[in-house]
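I opened a fresh notebook page for this one. My plan was to go from a few exposure and backbone look-ups to the overall picture.

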Amino acid sequence: MNDFLRNKTFDQIQPGDTASIVRLVGHDDIDLFAAVSGDENPAHLDAAFAKTGLFGHVVAHGMWTAALVSAVLGTRLPGPGTIYLGQELHFLKPVAPGDTITATVTVKEKQPQKRIVLLDTVCTNRAGDVVLKGMATVIAPNAPIEWPRTPLPDISLRRHDRYEAFVKRARDLPAIRAAVVHPCSAAAITGALEAREGGLLEPILVGPEAKIRAAAEAAQVSLDGIEIVPVAHSHAAADRAVELAVSGSVSVLVKGSLHTDELLGAVVATASGLRTERRISHVYAMDIPAYDKPLIVTDAAINIQPTLEHKRDICQNAVDLLCRLGMEKPKVAVLAAVETVNPKMPATLDAAALTVMSARGQITGASVDGPLAFDNAISVDAARTKGIVSPVAGEADILLVPDLEAGNMLAKQLIYFAGATAAGLVLGARVPIVLTSRADPLSARIASAALAKMVAAPHPMEGLPG
């Protein structure tokens with residue numbers, strides 16, 4: 001980029017002179033414009049509202065597009081020193097998130113008596129359709145200006161509202177009993193009570209009673225009205241919780257202060273009664289400020305080196321979760337380091353195979369595509385730059401990772417660097433299993449409980465917010 005802004009003086013400007021800028025409009029652009037302008041029209045901000053409108057989808061503010069014209073006039077033609085006197089605008093077509101807009105100004109007429117310049121102003125979309133046209137009236141500068149560009153601040157929107165709608169719906173559902181397995185730490189007890197007080201789960205505490213009560217005392221909370229199922233130790237707690245789930249006494253399992261392997265070992269044991277034909281897998285349901293909808297990362301916690309067959313189950317588990325929550329045909333990006341098949345990179349071969357398996361009906365209810373690199377999976381612009389034509393690229397709902405190490409690193413980077421909140425759930429057994437960490441914020445623990453409740457609910461759910 002040129003480090004200086006330069007103008008054209010009135011004397012230098014000639015009819016027919018032209019200048020343009022190009023911008024990609026994203027949801028962040030729309031939200032930032034709404035925040036700055038105060039224009040909270042739900043046609044620009046609420047997908048459910050916009051779906052009922054004339055265009056059937058969210059549209060950018062018309063003045064966002066018009067602002068691009070101002071940017072050309074102030075920085076390109078005439079440039080610094082320009083005085084904006086007036087603007088005639090006609091909005092011809094809607095601008096949707098993900099579209100690329102080109103704003104162009106063309107000198108039409110000069111009026112020497114007051115250095116007034118009239119310019120035709122046109123904005124076109126990626127398809128070349130005119131979305132805005134009009135005429136600008138400006139006073140052009142009378143002296144050349146060369147001025148250093150002012151560095152603009154880096155701006156990011158931090159949203160943590162992806163969970164709100166489905167947490168609310170979960171609270172509206174009938175109570176569901178959950179076995180909290182070996183809740184023998186203050187954090188485990190507190191998490192159980194949070195889910196109860198939030199109207200999400202009715203906890204049944206399974207573990208050594210003396211240790212459970214000691215943990216409650218350490219957490220300074222009361223266990224009045226909460227059922228305790230006493231057993232001798234953590235292994236017995238896992239076995240007993242599985243029995244309660246098999247009998248239908250509870251509909252959700254919640255990991256307490258025992259090791260994950262100990263709980264899952266009881267779940268997948270040959271005679272447990274909770275096994276299905278599917279391989280169990282873990283999902284992180286992530287609320288990422290920089291991404292405009294919930295995102296599933298799987299599997300980042302259970303399957304270390306999954307085979308192609310395992311990946312099919314991991315994929316189907318995640319798809320079924322989103323379908324259960326009401327999302328129609330989730331988009332699955334099968335990740336690799338590159339977006340082309342390379343025989344020396346097994347992850348790309350698995351990704352290609354999974355794409356074909358989806359086309360052949362071996363994975364149902366989703367659009368599956370891969371291999372896709374991470375940037376191509378979540379950025380429309382990145383995918384477009386590389387010429388990737390895909391129903392999934394840039395719009396992924398699910399990221400299917402190559403192995404646990406890659407998934408775990410990706411998930412934790414999103415949590416710690418991108419400010420994501422992650423709800424953790426194990427799928428593939430006959431009941432959902434909540435996995436939370438002592439480091440998880442309250443919002444993640446509540447979201448995990450809400451997600452489990454919605455999965456375990458006996459009737460269909462409405463849509464996932466996006």
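Before anything else I wrote down the cut-offs: a residue is buried under 20% relative accessible area, exposed over 50%, and partly exposed in between. The model is a predicted one.

**Entry: Q220 and H182**

I looked up Q220, which sits in the loop between α7 and β10 (227–230). Its relative accessibility is 74%, and the exposed class starts over 50%, so Q220 counts as exposed. I then checked the backbone and found that Q220 has a positive phi of about 60° although it is not a glycine.

H182 came next, in the loop between β8 (177–181) and α6. This residue is also no glycine, and its phi is positive, near 55°. Is H182 buried or exposed? With a relative accessible area of 10%, H182 is buried. I flagged these phi values because most residues other than glycine have a negative phi.

**Entry: cis peptide bonds**

I went through omega as well. One cis bond joins L77 and P78, with omega about 0°. I traced P78 to the loop between α4 (62–75) and β3 (83–91).

The peptide bond from T298 to D299 is cis too, and there omega is near 0°. D299 has its place in the loop between β13 (295–298) and α10 (308–324). Both went into my notes because most peptide bonds are trans.

**Entry: α6 against α7**

How do α6 and α7 lie relative to each other? I pulled up the axes of helix α6 (residues 186–197) and helix α7 (residues 209–219): they come within 8 Å and cross at roughly 80°. The two helices are therefore roughly perpendicular. On the α6 side, the contact is made by A186, I189 and T190. On the α7 side, I212, A215, A216 and A219 take part.

I jotted down the loops here too: H182 is in the loop between β8 and α6, and Q220 is in the loop between α7 and β10.

**Entry: two C-alpha separations**

I looked at L152, in the loop between β7 (146–148) and α5 (164–172). L152 counts as exposed at 74% relative accessibility. Its C-alpha is separated by 52 Å from that of R177, 25 residues apart along the chain.

Then I took E40, found in the loop between α1 (27–37) and α2 (42–45). E40 is exposed, with a relative accessible area of 64%. How far apart are the C-alpha atoms of E40 and H61? They are separated by 9.8 Å, with the two positions 21 residues apart in numbering.

**Entry: the whole protein**

Last, I zoomed out. I listed 15 helices and 18 strands for the protein. The C-alpha trace spans about 95 × 55 × 40 Å along its principal axes.

Of the 466 residues, 47% are buried. The accessible surface comes to about 22,000 Å², and carbon and sulfur atoms hold 54% of it.

For contacts between residues at least 6 apart in sequence, I noted that 72% join residues at least 24 apart. What about the charges, and how far apart are their mean positions? There are 43 positive and 49 negative charges, and their mean positions are 3 Å apart.

Definitions and conventions. Residues are numbered from 1 along each chain as its sequence is written. This is a predicted model: local features need pLDDT of at least 70, side-chain atom pairs count only at pLDDT 80 or more; totals for chains, interfaces and linings use all residues. Side-chain values use heavy atoms; hydrogens and water are left out. Helices (H or I, at least four residues) and strands (E, at least two) are DSSP runs, numbered from the N terminus. Buried means under 20% relative accessible area, exposed over 50%, partly exposed in between (1.4 Å probe, protein chains only). Contact means heavy atoms within 4.5 Å. Accessible areas come from the Shrake-Rupley method with a 1.4 Å probe; for residues, only the protein chains shown count as cover. Lys and Arg count as positive and Asp and Glu as negative; His and the chain ends are not counted. The place of a charge is taken as NZ of Lys, CZ of Arg, CG of Asp or CD of Glu. Axes are lines fitted to C-alpha atoms, for helices over the stretch in contact, and angles run from 0 to 180 degrees between N-to-C directions. Angles under 35 degrees count as roughly parallel, over 145 as roughly antiparallel, 65 to 115 as roughly perpendicular and the rest as oblique.
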